[in-house]
Each structure stands twice: as C-alpha cells, then as structure tokens.
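Student: Could you walk me through how to read this model? I'd like to start with confidence.

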Amino acid sequence: MDDEDCERRRMECLDEMSNLEKQFTDLKDQLYKERLSQVDAKLQEVIAGKAPEYLEPLATLQENMQIRTKVAGIYRELCLESVKNKYECEIQASRQHCESEKLLLYDTVQSELEEKIRRLEEDRHSIDITSELWNDELQSRKKRKDPFSPDKKKPVVVSGPYIVYMLQDLDILEDWTTIRKAMATLGPHRVKTEQSKAWLTLGIYYTLLLWKYQLQGRKYEKYNFQCKYAPVKLEKHLHSARSEEGRLYYDGEWYIRGQTICIDKKDECPTSAIITTINHDEVWFKRPDGSKSKLYISQLQKGKYSIKHS
C-alpha cells in the first residue's frame, strides 16, 4: 500500500468518526430533551396532586398528623383537669389555713384577755386603799374662796422636809398605789427579801406622810392606809408541756422536728401533721394538704389541744 492509499484511508476514517460524533451528539440532545419532558410532566402531576410518588407519603403524613393531633387533644384535657384540681386544692388549703389562723388568733386573744382580767382581779383584791383621799381632793377643788373674806391664814412655817410638804394628795395616792402593785407582783422566791424592802419603804413613806399632815395642821387619822401582801397565784396546768433545745416535752413523751403527730381538739376530728419547727412558746406543723399552722405550748398546757405520736 502506497502513501496515497494510506492518506485516502485516513481521510475516510476521519469522515466516519466525525459522522459518529455528530450522531452521538444528536442522540444525546434528544435523550436530554426526552428526560426533561418527563421531569416536567412529573412535576406537573405533583403540582396537580396526582403523582403516586407524592400521594402515598402524603397519606402517611396525614395519618400521623391525625394521630398526633388526637394525642395532643387528650393530653391538653388531662393538663386542664390537673390544673383545675390543683387550683381547687390551693383554694381549700388557703381556706383551711385561714380558719386555723383565725382559731389560733381567737385563742391567743382570749388567753391574753383572760390573763389581763386575772391580773386586774388580783390588783383589785390585793390593793386596799380607801378613796377618801381622792374624794377629799375633789371636794377641796370644788370649794370656792370668798375674795371679800377678812379671814386670812397665817403662813405655815416649814420645819420638816420641804419636798414632802410640796407633795399633792393625788401624787401621794399614786405613789402609794405603785408601791402596793410592786409588792403584789413579787414572785414566791423573792418574798422575804423584797417584802422586807417594801415594808421599809412603806414605813419611811408613811412617816413622811404623817409629818406632812402635822405640818399642815390636818387630821390624818381618817386616811386608812392598809397593806396586806398578796402573792400572785400560780395557774395550775392540766398537762405538762415545755420546749427544751429544739425538742417538745408533752405528758412524759418527747417530740422532735420531722415526726408525724396526731393533733386532737375538742369537738373536732383528729388530724395528722408533721412537726416543722419547735420554738420557745410555739410549735409549727405542716398538714397533709401543704398548709402550715402553729400551736402554742400554753394551749397544750391548758388542754385545748392534745398531741400524740402517729
């Protein structure tokens, strides 16, 4: 084969190769257009909601949505019912706490008033001073002096202590009452010492008082000053109750913080509670509903409340 044949053969191969490349390019463009048309058609079906590839997952999602919506509705109803129950419990606990505080306040005020009445009764029985001094002072004030009266009293020459002479009758009565009250409020362990001091004070004061009336030329026999020592009567408690170092002692048993007790009151049902704090004169406890109340040790001593281990 010579050079011309080779060149001719090469040119034929090149022409054939170019034809093949052209055919491949045309086929590739045609395949691209067909695939593009198929994708556009599928997209139109999806937009129209007719494609099976879209409808099957959509049905599954809608079913899951319905199930979750139903569960959320049930959970919402349960939450609303729980909140409503908590609200009613809080209202009931607040009312019970208010009633308990009202009862405690009533008992406290009642005990304070009874204590004041008892002290007033003791003062009334222990202080024995006649009211003639008071009446004499009032009568002397009511008397009017006649400015045209020729009688004039001579000035009194003071030979005793001037401070006693300057005392008014009301001041004397007030001092005497104060001394008597101080004697009446003495405890039994200070009777001998304090009583002797009080009697010495009364003796000195009574001597100065007589001196004053002698200087003024008045009769002092009509003023009946009597002193009878009347010690304070100790109130007897029905039960033994006290607090020591954060513990409560009641009728032979000890109670500490955190223990469960049963509280009993007259004409009421017993209730259980947990001790939270023990102070010097009161005990705080927590009820099962969460409300807190306090109980005075004096109420345990008087028998208004009673407790026991639960």
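Tutor: Sure. This is a predicted model, and pLDDT is the predictor's confidence in each residue, from 0 to 100. Here the protein chain has an average pLDDT of 75, with 65% of the residues scoring at least 70.

Student: Where is confidence lowest, and where is it highest?

Tutor: The low end is helix α4 (residues 162–165), with a mean of 46. At the high end sits strand β3 (residues 253–255), at 91.

Student: What about residues 218–234?

Tutor: pLDDT stays under 50 there, and the model has 41 contacts beyond four places in sequence for that stretch. Residues 187–192 also stay under 50, with four such contacts.

Student: Okay, on to surfaces. Which residues form a nonpolar patch?

Tutor: To join a patch, a residue needs over 30% relative accessible area. In this structure L105, V109, L113 and I117 form one on the surface, together offering about 370 Å² of accessible area. Take V109, which is found in helix α2 (residues 52–126).

Student: Why does V109 count as partly exposed?

Tutor: Because its relative accessibility is 37%, and partly exposed covers the range between buried, under 20%, and exposed, over 50%.

Student: And cysteines? How many disulfides does a search of the whole structure find?

Tutor: A disulfide is a covalent bond between the sulfur atoms of two cysteines. The search comes back with zero.

Student: Then how accessible are C79 and C98?

Tutor: C79 is partly exposed, because its relative accessible area is 30%. C98 has 40% relative accessibility, so C98 is classed as partly exposed too.

Conventions
Residues are numbered from 1 along each chain as its sequence is written. This is a predicted model: local features need pLDDT of at least 70, side-chain atom pairs count only at pLDDT 80 or more; totals for chains, interfaces and linings use all residues. Side-chain values use heavy atoms; hydrogens and water are left out. Patches are made of residues with over 30% relative accessible area and no salt bridge: like charges are joined within 9 Å, nonpolar side chains (Val, Leu, Ile, Met, Phe, Trp, Tyr) within 5 Å. Accessible areas come from the Shrake-Rupley method with a 1.4 Å probe; for residues, only the protein chains shown count as cover. A salt bridge is a side-chain nitrogen of Lys or Arg within 4 Å of a carboxyl oxygen of Asp or Glu. Helices (H or I, at least four residues) and strands (E, at least two) are DSSP runs, numbered from the N terminus. Buried means under 20% relative accessible area, exposed over 50%, partly exposed in between (1.4 Å probe, protein chains only). A disulfide is a pair of cysteine sulfur atoms within 2.5 Å. Contact means heavy atoms within 4.5 Å.
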